[in-house]
Amino acid sequence: MSSSPAAAPLAQLRDGEDARERTALEILSTVFGYDAFRGDQAAIIEQVASGGDAVVLMPTGGGKSLCYQIPSLLREGTGIVVSPLIALMSDQVAALEAVGIRAAYLNSTLEFHEAQAVEQQLLAGELDLLYMAPERLVLPRTQDLLRRATLALFAIDEAHCVSQWGHDFRPDYLGLSVLAEAFPEVPRIALTATATEATHRELTDRLAMQDAKHFVASFDRPNIQYRIEPKSTPRDQLLRLITTEHEGESGIVYCLSRRSVEQTAEALVARGIPALPYHAGLDAAVRQDHQERFLRADGLIIVATIAFGMGIDKPDVRFVAHLDLPKSIEGYYQETGRAGRDGQPSTAWMAYGLGDVVSQRKFIDTGESSELFKRNARSHLDAMLALCETVTCRRVQLLSYFGQEVGYEACGNCDTCLSPPQTWDATVAAQKLLSALIRLDRERGQKFGSGQVIEVLRGRENERSTQSRHHELSVWGIGEELGEKEWRTAIRQLLARGIVEAEGEYGVLIPGPQAGPVLRSEVTVELAVDRTPQRSARGGGRRTAGAARAAESLEPAQRERFEALRAWRTSVAKEKQIPPYMVFSDATLVGIVESRPESVAQLGAVSGVGAKKLAEYGEAVLEALPSAHVD
Ligand code: ADP
Ligand code: ZN
């Protein structure tokens, strides 16, 4: 929680020279152990360090943290980081302390005297960074405290939470609009991994950041393979994904309801796959425990509702699976973005079906929310459906949703690129379906969900059709050429295109806004044939498990050293009670193995090895490397 004595290397630097003379690049290499900035990082740091405001839109894993951490070190005073996630603050602070930065947090988990100690440190200028939640920041008492301190900057993390249009709205974020007026001389940087233009506009407005410089990075995550397949037996489908492609690896499985979270986690455990549930119905202590175990263990799966994940920066999550349709592309992209932060190949996989569409529409239609909210929710859902049903590249569709042009038509790393779906001319089928809906309504005054409509189209007698004399209708049995499953597939796609709509509490089908041109044969309707689940392009078969992925390129002798380092890392992480990746990332371990350092100085040149970790672990790493001088 507060700075440890081990913060020595940075402190020495600080004493030895004028802090302001240190360049951003020096900090990057001495403190963080990296040798070059990525993307816009340097420009953002320059903007904020020189006292300007910045709005930063960068995908998960893009490297947002350095954009406020380095300016906080460059400027006099403390950087205040506003983050919605109290539960993660202690890990965030621990990660900073691990590289020798003086960081602390102020939140409700602290005892009174602990909070007081942090406040004293702040006032004494002994903190580089201080984390707090927005509700605390806006308290008059906190504002008072901050006025007495020297502030380097305000960093507003997860800034999309201020947007009501978005998917993670937190009312407490609205209070942050006071910062501009209350601290006009303190630069502010707002950061988010949500990229829609609507959210961007709204957060700029609400945080009064009109005069800021805006930095919008590419949202492409090329190492993530996007796949969406039709839902049949979702748990078996998930199991297949895990056992054939991600055995022994870390992953997140998202479900809509608490019940299906519990059941799915149990089903995985019953098959010998380590998995833990996470949802808002669990005790706070249990949730915290499961989250920590997920962060610290190699190869654990967390099955969760969307309550899980914001701010989780575990770098080696190899897959994110959705067993239910997310409510918006924004949500989907954030959730899938939690895979592969380390840049290694990862999978974003989803199973979705007609039932998802109908139940979500029903949820929206029958909810108590305002008409405006419902309209927003419907358009979010429609965009999500369009992504699911696209027959072209998913990545192109995702990026264009975020207003980003891409220079290609097909990415080569999504399911529609890897095996382009077969399409068929479904114009007549769509007309038959629409006619059936119209006849049932006009001649019987009836509206039905997809099940009964399909029975009518296929001419299948049941109690209801007998009672209502459906067999006398001209549309009875006109759709016999398709099976029940094919009709469901077709209806799902027609829903996504607005040719039909599912309405109200029972999800009854009605002609949609795009029905007219279809009925008049002014357009043709091409639909995709549901295909059998698509395997990864990376070979599909079983692959090496867990963290060993990063080491796949290594030769056997190097491999042995990598494993030795991993074992060493595990024991250090256990002893210090921090996640292994906070000691060194897989990529850094591979870097060490490849560069074969023979001295502490050589070790310091490896990417990811900063001054503090070098001082702390240098000797131990050299010892843990078996026979580094031979071979
Ligand atoms: P975000 O907050 O945008 O999701 P992070 O700030 O957590 O991303 O950074 C993701 C990962 O990339 C972290 O492990 C971080 O240390 C690493 N990283 C960030 N910037 C650089 C850089 N310039 N060079 C090498 N690694 C970097
Ligand atoms: Zn593609």
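How many residue pairs are in polar contact across the interface of domain 1 and domain 2? Let's work up to that together, remembering that this is a predicted model.

**Exercise 1. Describe how domain 1 and domain 2 meet.**

Step 1: Find the domains. The chain is divided into domain 1 (7–216), domain 2 (224–352 + 390–418), domain 3 (423–528) and domain 4 (550–628). Notice that domain 2 is written as two stretches of the chain.

Step 2: Place the two partners. Their C-alpha centres, for domain 1 and domain 2, are 29 Å apart.

Step 3: Look at the contact. Domain 1 brings 21 residues and domain 2 brings 17 residues. Between them the two domains bury about 1,500 Å², with 55% of that on carbon and sulfur atoms.

Step 4: Answer the opening question. The rule finds 1 residue pair in polar contact across this interface, with both residues at pLDDT 80 or more. On the domain 1 side, helix α5 (residues 86–98) gives the most, with 3 residues. Sorted by class, that side of domain 1 has 9 nonpolar, 7 polar and 5 charged residues.

**Exercise 2. Test whether Asp-91 and Arg-296 form a salt bridge, and say how many such bridges cross the interface.**

Step 1: Recall the cut-off. A side-chain nitrogen of Lys or Arg must be within 4 Å of a carboxyl oxygen of Asp or Glu.

Step 2: Apply the cut-off. The side chains of Asp-91 and Arg-296 are 3.6 Å apart, N to O, so they meet the salt-bridge definition.

Step 3: Count. The rule finds 1 salt bridge across the interface of domain 1 and domain 2.

**Exercise 3. Find a salt bridge that links distant parts of the chain.**

Step 1: Start with the total, where the same rule gives a count of 30 salt bridges.

Step 2: Pick an example. Arg-102 and Asp-128 meet through their side chains at 3.2 Å, N to O.

Step 3: Locate both ends. Arg-102 is in the loop between α5 and β3 (103–106), while Asp-128 is in the loop between α6 (112–123) and β4 (129–132). The pair is 26 residues apart and links distant parts of the chain.

**Exercise 4. Describe the surroundings of ligand 1.**

Step 1: List the neighbours. There are 14 residues around ligand 1, and Tyr-34, Ala-36, Gly-61, Lys-64 and Ser-65 come nearest.

Step 2: Check the backbone. A polar backbone atom of Gly-61 is 2.6 Å from an oxygen atom of ligand 1.

Step 3: Check the side chains. An N or O atom in the side chain of Arg-341 is 2.9 Å from a ligand 1 oxygen. For the side chain of Arg-38, the corresponding distance is 3.2 Å.

Note on methods:
Residues are numbered from 1 along each chain as its sequence is written. Chains are lettered from A and ligands numbered from 1 in the order in which they are written. This is a predicted model: local features need pLDDT of at least 70, side-chain atom pairs count only at pLDDT 80 or more; totals for chains, interfaces and linings use all residues. Side-chain values use heavy atoms; hydrogens and water are left out. Domain bounds come from an automatic or database domain assignment. Contact means heavy atoms within 4.5 Å. Buried area is the accessible area (1.4 Å probe) that two parts lose on being put together, summed over both. A polar contact is a pair of N or O atoms within 3.5 Å; within protein, one must be able to donate a hydrogen and the other to accept it, and residues adjacent in sequence count only if both atoms are side-chain atoms. Helices (H or I, at least four residues) and strands (E, at least two) are DSSP runs, numbered from the N terminus. Ala, Val, Leu, Ile, Met, Phe, Trp, Tyr, Cys and Pro count as nonpolar, Asp, Glu, Lys and Arg as charged, and the others, Gly among them, as polar. A residue is near a molecule or strand if one of its heavy atoms lies within 4 Å of it.
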